[in-house]
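Welcome! Below are some short exercises, each with a worked solution, to help you find your way around a protein you have not met before. Have the picture at hand and try each task before reading on.

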Amino acid sequence: EDRDRLLLMRRTKKRLAEWGYTPRDINTFFQLFSSSGDGVLGFHDFGNMIDEMKLGLGPDRARELFEMFDSEGRGTILPEDFVAVLFPSTAYESVVDQLYRSSEGQSVPDSGEDSSIVSGTSRR
């Protein structure tokens with residue numbers, strides 16, 4: 001089962017790279033598939049994204065992948081969830097950067113501001 005998950009993650013990362021997306025572009029990427037327009041993906045949105053990426057997953061495998069990203073069981077995936085699973089070192093670097101800026105007295109966005117680690121523009 002872990003081997004299957006690793007393969008799914010590798011295929012997903014490969015497809016994103018083929019399309020020119022980096023971890024910092026995931027927010028923009030999610031906007032393309034978010035039916036609500038807020039960049040958050042429900043299972044239906046996620047299924048459309050998986051189909052568009054041509055990962056060749058059936059409904060059960062797509063659900064498994066969705067649940068891997070939705071570790072809190074909210075029924076939605078935030079761009080940050082996606083990055084944390086697929087690109088853990090990028091997520092870690094963002095946390096360290098925010099802690100460093102905070103310790104240096106630089107402004108760090110509060111919870112009401114966009115503190116997303118995945119802002120950027122599409123390279124598609």
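**Exercise 1. Find out what share of the contacts with a separation of 6 or more comes from residues 24 or more positions apart, then describe the overall make-up of the protein.**

Solution.
- Step 1: Among contacts in the protein with a separation of 6 or more, 61% join residues that are 24 or more positions apart. Keep in mind that you are looking at a predicted model.
- Step 2: Count the elements: there are six helices and two strands.
- Step 3: Put these elements in sequence order, and the pattern reads α-α-β-α-α-β-α-α.
- Step 4: Turn to burial: 35% of the 124 residues of the protein count as buried.
- Step 5: Finish with the surface. About 7400 Å² is exposed, and carbon and sulfur atoms supply 47% of it.

**Exercise 2. Work out how helix 2 and helix 3 are oriented to each other, and list the residues that meet.**

Solution.
- Step 1: Locate the two elements: helix 2 covers residues 26-33 and helix 3 covers residues 43-53.
- Step 2: Their axes lie 9 Å apart, and the packing angle is about 105°.
- Step 3: Angles of 65 to 115 degrees count as roughly perpendicular, so helix 2 and helix 3 are roughly perpendicular to each other.
- Step 4: Look at the side chains. Helix 2 brings Phe29, Phe30 and Phe33, which meet Asp45, Asn48, Met49, Glu52 and Met53 of helix 3.
- Step 5: Sort the residues of this contact by class: five are nonpolar, one is polar and two are charged.

**Exercise 3. Helix 5 packs against helix 2 and also against helix 1. Describe the crossing with helix 2, then the one with helix 1.**

Solution.
- Step 1: Begin with helix 2 and helix 5. Their axes come within 9 Å and cross at roughly 125°.
- Step 2: That angle makes the pair oblique to each other, and the crossing is right-handed.
- Step 3: In this contact, Ile26, Asn27 and Phe30 of helix 2 meet Pro79, Phe82 and Val83 of helix 5. By class, that gives five nonpolar residues, one polar and no charged.
- Step 4: Now take helix 1 (residues 2-18) and helix 5 (residues 79-86), whose axes come within 11 Å and cross at roughly 115°. Helix 1 is therefore roughly perpendicular to helix 5.
- Step 5: The crossing of helix 1 and helix 5 is left-handed. Met9, Thr12, Lys13 and Leu16 of helix 1 make the contact with Phe82, Val85 and Leu86 of helix 5.
- Step 6: By class, the contact of helix 1 with helix 5 has five nonpolar, one polar and one charged residues.

**Exercise 4. Name the buried residues of helix 3 and find what covers them.**

Solution.
- Step 1: Pick out the residues under 20% relative accessible area. In helix 3 these are Asp45, Phe46, Gly47, Met49, Ile50 and Met53.
- Step 2: Look around these residues. Their cover includes helix 1, helix 2, strand 1 (41-42), helix 4 (59-69), strand 2 (76-77) and helix 5.

**Exercise 5. Is phenylalanine 43 buried, exposed or partly exposed? Ask what surrounds this residue as well.**

Solution.
- Step 1: Phenylalanine 43 is found in helix 3.
- Step 2: Its relative accessible area is 27%, so phenylalanine 43 is partly exposed.
- Step 3: Leaving aside residues up to four places away in sequence, phenylalanine 43 touches Pro59, Ala62, Arg63, Phe66 and Gly75.
- Step 4: Compare sequence with space: phenylalanine 43 and aspartate 70 are 27 residues apart in sequence, and their C-alpha atoms are 9.8 Å apart.

**Exercise 6. Is aspartate 81 buried or exposed, and which residues does it touch?**

Solution.
- Step 1: Find aspartate 81 in helix 5.
- Step 2: Its relative accessibility is 15%, so aspartate 81 counts as buried.
- Step 3: Not counting residues up to four places away in sequence, aspartate 81 touches Phe69, Arg74 and Thr76.

**Exercise 7. Where does lysine 54 lie, and what is its phi?**

Solution.
- Step 1: Lysine 54 follows helix 3 and lies in the loop between helix 3 and helix 4.
- Step 2: Most residues other than glycine have a negative phi.
- Step 3: Lysine 54 is not a glycine, yet its phi is positive, at about 55°.
- Step 4: With 61% relative accessibility, lysine 54 counts as exposed.

Note on methods
Residues are numbered from 1 along each chain as its sequence is written. This is a predicted model: local features need pLDDT of at least 70, side-chain atom pairs count only at pLDDT 80 or more; totals for chains, interfaces and linings use all residues. Side-chain values use heavy atoms; hydrogens and water are left out. Axes are lines fitted to C-alpha atoms, for helices over the stretch in contact, and angles run from 0 to 180 degrees between N-to-C directions. Helices (H or I, at least four residues) and strands (E, at least two) are DSSP runs, numbered from the N terminus. Angles under 35 degrees count as roughly parallel, over 145 as roughly antiparallel, 65 to 115 as roughly perpendicular and the rest as oblique. A crossing is left-handed if the near helix is turned anticlockwise from the far one by less than a right angle, and right-handed if clockwise. Contact means heavy atoms within 4.5 Å. Ala, Val, Leu, Ile, Met, Phe, Trp, Tyr, Cys and Pro count as nonpolar, Asp, Glu, Lys and Arg as charged, and the others, Gly among them, as polar. Buried means under 20% relative accessible area, exposed over 50%, partly exposed in between (1.4 Å probe, protein chains only). Accessible areas come from the Shrake-Rupley method with a 1.4 Å probe; for residues, only the protein chains shown count as cover.
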